[in-house]
Amino acid sequence: MLVTGRLMLRSLRVASSSPSTPTLEEIASNHHYPAGVAKVVLKKGKTQLFKDGSPMVYSGAVARVIGRPPPNTGDIVLVADGTEKPIGWGFYNSTSMFRVRLMQQHDEIALDPSSSLNAEKLLETRIAAAAMLRQNLGLPSAHTNSYRLVNSEGDRLSGLIVDVFGDLAVVASSAAWVQMYQHQIMDCLSRLNIIKRISWRPTVEILKEEGLDLSDLKKPDLIMPQTMVKVMENQISYLISLDGQKTGFYADQRENRCFLSTISEGSRVLDICCYTGGFALNAASGGALDVIGVDTSLPALQLAMENVSLNGLDPRRISFLRQDATEFMKAAVSRNESWDIVILDPPKLAPRKKVLKSASGMYRNLNYLAMQLTKRGGLLMTCSCSGAMTQSGLFFRILQGAASMAGRKITVVRQAGAACDHPIDPAYPEGEYLTNILLRVL
């Protein structure tokens, strides 16, 4: 027994002396980074937020930057606590309010050492993981080939969004580092079996805030010349324009559109801010007796009508009108018109917290009119795609205020957000933006 005990002790000593996982500083000092890597040191009391997983290191959390020469926008940097001990690494931006976008925490090195301070490997690993998640969610499928493949912070690639339309990937870039690694990103996407073509769409206004000189933005070699794409969602076909809003189609409402189709049979439906007819088409496919879509965009409405023909729907049961939403609803109220189901999905009215107060008034007025157009006992599906509104928690209060103005009583029947291919990192709740509420209006 004594001999056995000594052998066991010896084996433990041998195991403990085996090479351990290298630290970020050790990795940074290897031959890949002969000049070393700059270090962004956090202020006292600011570290825990980022240790808990928040990926956005804002400028107010930074005490100092150690490194000569100082890092440039897009450079890989270490992020360290007040004692200068690294807690992770990410991409630096000397101009943005988000000074560093954290990509990997120090504790993750043992799990994925090959991605440590290696942007190309990290991209390959994270994009492959995102594709696997969608596959596990049943995307793509025989009845849906339009979905989100990469959802920024939700897939741990802050500033990168990729929507898939059939075999086409549309990349929306909203961070300087994404622009700087565009060829590597495209290489990773092209290695996925489902992707045959890629379209790159820089989000110009946000990239200006990232400090990029837009005249220097170079388009990747692989450019998608086609501007129209046919896709399928829940067995409904759509023509989408790559020159349209965002990436060309709002995949985030997919599950909400599908739900609408299940409750529309025999109903009269009004779709306000209908864009290319997503909700309207689902209502008609679900057996609605009469559907009207209203929007101000003529190109969007032309696509909506093409989508009606594409799906073999009866144009006598679904029509579209080009008119301002408020003007249409006021006129309809004056005529005492009402619908069984009303959908209100306005554009982003509160892109930032500083305009939340004025946006609240616009949301209240729009919903006030929409409630008056909803038949008593009918349903109002009302939406907000403004992150500032969703995160404020004010939307229900606004809806209640609108109901009081309209002399109506409302109850919440269903509450939803973006579809499951839009994951959210709980350490970054700011990534939650879409609210979809179904109300019964009495």
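Strand β1 (residues 39-42) is joined to strand β4 (residues 76-80) by three bridges, and the two run parallel. Within this pair, V40 has V79 of β4 as its bridge partner. Helices and strands here are DSSP runs numbered from the N terminus, with at least four residues (H or I) for a helix and at least two (E) for a strand. The model is a predicted one, in which local features need pLDDT of at least 70 and side-chain atom pairs count only at pLDDT 80 or more, while totals for chains, interfaces and linings use all residues. Residues are numbered from 1 along each chain as its sequence is written, and side-chain values use heavy atoms, leaving out hydrogens and water.

The β1-β4 pair belongs to a wider arrangement. Six strands form an open sheet with mixed pairing, in the order β2-β6-β5-β4-β1-β3; two strands are said to pair if DSSP finds at least two bridges between them. At the edges are β2 (56-58) and β3 (62-66), each of which pairs on one side only. From one strand to the next, the twist averages 35°. As a helpful reminder, strands of a sheet pair through backbone hydrogen bonds, either parallel or antiparallel.

A further open sheet, also with mixed pairing, contains four strands in the order β7-β8-β9-β10. Its edge strands are β7 and β10 (197-202), each pairing on one side only, and its twist averages 20° from one strand to the next. Strand β7 (residues 146-151) is mostly covered, with six of its six residues buried; buried means under 20% relative accessible area, exposed over 50%, and partly exposed in between, using a 1.4 Å probe and protein chains only. Five bridges connect β7 with strand β8 (residues 160-165) in an antiparallel fashion, and V150 stands opposite V162 of β8. On to the next neighbour: β8 and strand β9 (residues 168-173) are antiparallel and share six bridges, with V162 opposite V171 of β9. Helix α6 (residues 182-190) lies across β7, β8, β9 and β10 and runs at about 150° to β10. Such angles run from 0 to 180 degrees between N-to-C directions, and the axes are lines fitted to C-alpha atoms, for helices over the stretch in contact.

Now for the interior. The largest nonpolar core has 39 residues, and those with the most contacts inside it are W89, L149, W177, I185 and L189. A nonpolar core is a set of buried Ala, Val, Leu, Ile, Met, Phe, Trp, Tyr and Cys residues joined through side-chain atoms within 4.5 Å. Helix α4 (residues 119-136) gives the most to this core, namely six residues. Setting aside neighbours within four places in sequence, I185 is in contact (heavy atoms within 4.5 Å) with L123, I127, L160, V178 and W200. Another core, of 35 residues, lies apart from this one and has V294, A370, L380 and L439 among its members.

Two helical regions complete the picture. Helix α9 (residues 278-285) is largely enclosed by the rest of the structure, because seven of its eight residues are buried. Just after α9, G287 takes a positive phi of about 100°. Elsewhere, the axes of helix α11 (residues 325-334) and helix α12 (residues 356-372) come within 9 Å and cross at roughly 35°. In this contact, T326, M329, K330 and V333 of α11 meet L366, L369, A370 and Q372 of α12.
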